[in-house]
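Please load the model in your viewer and keep the sequence panel open beside it. The stops below can be selected one after another.

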Amino acid sequence: MIDCFIPYINEEITSKTISVLKKEPCVREIILLVPEQTALPQLGVRTITTSQPESSRTIRLISLMSKSEYILYCPKPVKFNWGQHGLERFHQIASFTHASIIYSDYYVEKNGKTEAIPTIDYQIGSVRDDFNFGPLVLINQRLLQKEISHDKENYRTAGWYRSRLSISAQRPTFHINEFLYTVIEDDNLSVSQFDYVDPRNRDTQIEKERACLNHLKDINAYLEPEFKTVNFDEGTFEYEASVIIPVKNRAKTIADAIESVLSQKADFKFNLIIIDNHSTDGTSEIIDQHAQKDNRVVHIIPSRTDLGIGGCWNEGIEHSKCGKFAVQLDSDDVYQTENTLQTIVNAFYEQKCAMVIGSYTITDFQMNTIAPGLIDHKEWTPRNGRNNALRINGLGAPRAFYTPILRKIHVPNTSYGEDYALGLTISHDYQIGRIYDSLYLCRRWEDNSDASLDIIKQNKNNSYKDKLRSLEILNRIIQNKKRND
């Protein structure tokens with residue numbers, strides 16, 4: 001049997017939802033999550049009054065009020081319709097698997113058009129707080145009761161996040177690769193990819209960091225703030241720093257990127273290494289023009305044709321002209337001031353770190369600031385950055401690396417997530433430095449916006465980063481066990 005906990009929207013929509021659920025033979029009881037100070041009509045069901053449907057208080061009340069084996073939980077105020085035998089299929093899978101959490105693919109209907117939203121499989125590394133189960137999940141009631149008796153903290157907004165981390169560690173989740181329901185005009189899907197760095201959400205982020213931290217400690221994947229010492233005397237380098245730009249077909253922007261590097265003022269010797277991944281739109285000719293005028297520009301065209309962005313980085317850092325510090329700049333972007341490179345190199349020595357992460361400003365193609373503006377990733381702190389990095393989906397930019405360490409690790413040969421993989425790997429042993437001032441302008445235009453990715457590409461990217469988190473968590477558990485033994 002299932003107890004259903006759904007948000008109250010309005011009398012018309014909610015009464016229809018109740019009527020549909022009451023016809024389901026597997027439903028024992030329906031309980032509404034009602035916002036405070038809401039004038040509620042007589043609907044013949046019990047209620048939970050809450051301003052935060054995902055708070056610890058609400059999750060505890062849900063667990064205590066439920067008397068069924070499974071809980072259908074919908075934390076967001078969304079209108080939905082079941083597909084054919086949709087809830088019955090949820091219940092059937094639950095009886096087969098006894099999983100901790102069961103979720104499915106779903107449809108979204110907007111303005112008369114229906115879009116399929118496939119979800120992805122949950123992994124041990126799916127600890128980011130924006131993992132998409134869809135609006136409806138089936139929760140194992142017994143595991144939830146066990147979790148709330150274990151964790152006594154009161155989270156205002158991270159209660160469900162903490163609970164799902166805990167119960168999914170106790171027993172596997174199950175993803176139903178079937179479209180079992182339709183969400184109608186769900187505005188909650190249009191969340192900005194930068195919401196988690198919005199200063200207005202800072203309190204929520206700190207709370208979710210605490211929830212993730214407690215989970216990592218529970219599974220023995222937490223790392224204490226203890227780091228190896230970086231030896232800056234490894235190797236001999238002609239240049240103190242090299243800016244690395246992998247590029248393919250960026251004739252519109254590459255000249256701006258090159259000129260922003262060459263205009264840098266520093267008290268050390270630096271160069272620019274551009275790995276031109278077989279461009280065909282005139283990018284190569286633009287690079288050559290700059291290389292002929294300035295011998296600091298090193299133009300590399302790889303012999304390999306199977307390289308992604310990460311593979312191009314390997315070509316750059318393994319080149320004999322690469323400096324002691326390898327500094328990132330995307331071919332679309334520019335450094336904000338002529339002192340950016342000096343600021344980054346200074347940070348290595350001042351913070352005694354193997355990698356530096358800066359901050360950047362979002363602009364349009366003409367470099368006018370657009371929302372959300374500054375992206376400073378303040379959630380990456382020296383004390384807890386490498387633990388909190390597992391919760392968030394990016395580490396910030398620009399990124400810079402101590403070349404001897406980077407040469408030992410190598411960069412994954414992908415065109416997405418390679419920087420995140422490096423951050424996790426390096427932070428396992430070494431401190432990562434932070435610069436919270438804006439160092440470069442990140443341009444958003446029609447050829448590079450992540451926000452334009454379709455759901456298939458988004459799922460592919462998210463699955464890959466979850467896999468990187470899984471690898472790191474498993475590595476931490478093994479290393480911590482060895483250390484404890």
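Is H377 buried or exposed? Bear in mind while looking that the model is a predicted one. Select H377, in the loop between β16 and α11, and the answer is that H377 counts as buried, because its relative accessibility is 3%. Its backbone also deserves a look, since phi of H377 is near 45 degrees, a positive value in a residue other than glycine.

Step back along the chain to M367, in the loop between β15 (355-363) and β16. M367, too, is a non-glycine residue with a positive phi, here about 70 degrees. With a relative accessibility of 31%, M367 counts as partly exposed.

Two peptide bonds come next. Select A371 and P372, which are joined by a cis peptide bond with omega near 5 degrees; P372 belongs to strand β16 (residues 369-375). Then select A397 and P398, where the bond is again cis and omega is about 0 degrees. P398 is placed in the loop between α11 (385-388) and β17.

**Two helix pairs**

Show helices α2 (residues 56-65) and α4 (residues 141-150), whose axes come within 9 Å and cross at roughly 130 degrees. That angle makes α2 oblique to α4, and the crossing of the two is left-handed. To see the contact itself, display the side chains of I59, R60 and S63 on α2 together with Q141, L144, Q145 and I148 on α4. Sorted by type, the residues of this contact of α2 with α4 comprise 3 nonpolar, 3 polar and 1 charged.

For the second pair, select α13 and α14, which pack at an angle of about 15 degrees with their axes 10 Å apart. This makes α13 roughly parallel to α14, and the crossing of α13 and α14 is right-handed. Y420, A421 and L424 of α13 make the contact with K465, L468, R469 and E472 of α14. The residues of the contact of α13 with α14 divide into 4 nonpolar and 3 charged, with no polar residue among them.

Stay on α14 (residues 455-484) and move along it to I477. At 24% relative accessibility, I477 counts as partly exposed. Leaving aside neighbours within four places in sequence, I477 is in contact with I124, I219, N220 and A221. If you place a distance between the C-alpha atoms of I477 and L61, which are 416 residues apart along the chain, it should come to 33 Å.

**Two helices and their cover**

Which residues of helix α7 (residues 254-262) are buried? They are I254, A257, I258, S260, V261 and L262. Turn on the elements that cover these buried residues of α7, including β10 (241-247), β11 (270-276), α8 (283-293), β12 (297-300) and β14 (334-335).

Helix α9 (residues 309-317) can be treated in a similar manner, as it is mostly covered, with 7 of its 9 residues buried. To highlight the buried set of α9, select G310, G311, C312, W313, N314, G316 and I317. Among the elements covering the buried residues of α9 are β10, β11, β13 (325-328), β17 (399-402), α12 (403-409) and α13 (418-427).

**The nonpolar cores**

In soluble globular proteins, nonpolar side chains tend to be buried together. Here the largest nonpolar core has 103 residues, and Y73, V243, I245 and F348 are those that touch the most other members. Centre the view on Y73 and, not counting residues up to four places away in sequence, look for its contacts with F5, L33, P53, E54, I59, I62, P135, L136, V137, I139 and W160. One of these partners of Y73, I59, is also on the α2 side of the contact with α4. A second, separate core of 33 residues includes Y8, I30, L32 and A94.

**Last stop**

Finish at T173, in the loop between α5 (159-170) and β9 (174-184). T173 counts as buried, because its relative accessibility is 16% and the cut-off for buried is under 20%. Beyond its neighbours within four places in sequence, the residues in contact with T173 are A99, S100, I101, Y103, Y122 and S168.

Technical notes
Residues are numbered from 1 along each chain as its sequence is written. This is a predicted model: local features need pLDDT of at least 70, side-chain atom pairs count only at pLDDT 80 or more; totals for chains, interfaces and linings use all residues. Side-chain values use heavy atoms; hydrogens and water are left out. Axes are lines fitted to C-alpha atoms, for helices over the stretch in contact, and angles run from 0 to 180 degrees between N-to-C directions. Helices (H or I, at least four residues) and strands (E, at least two) are DSSP runs, numbered from the N terminus. Angles under 35 degrees count as roughly parallel, over 145 as roughly antiparallel, 65 to 115 as roughly perpendicular and the rest as oblique. A crossing is left-handed if the near helix is turned anticlockwise from the far one by less than a right angle, and right-handed if clockwise. Contact means heavy atoms within 4.5 Å. Ala, Val, Leu, Ile, Met, Phe, Trp, Tyr, Cys and Pro count as nonpolar, Asp, Glu, Lys and Arg as charged, and the others, Gly among them, as polar. A nonpolar core is a set of buried Ala, Val, Leu, Ile, Met, Phe, Trp, Tyr and Cys residues joined through side-chain atoms within 4.5 Å. Buried means under 20% relative accessible area, exposed over 50%, partly exposed in between (1.4 Å probe, protein chains only).
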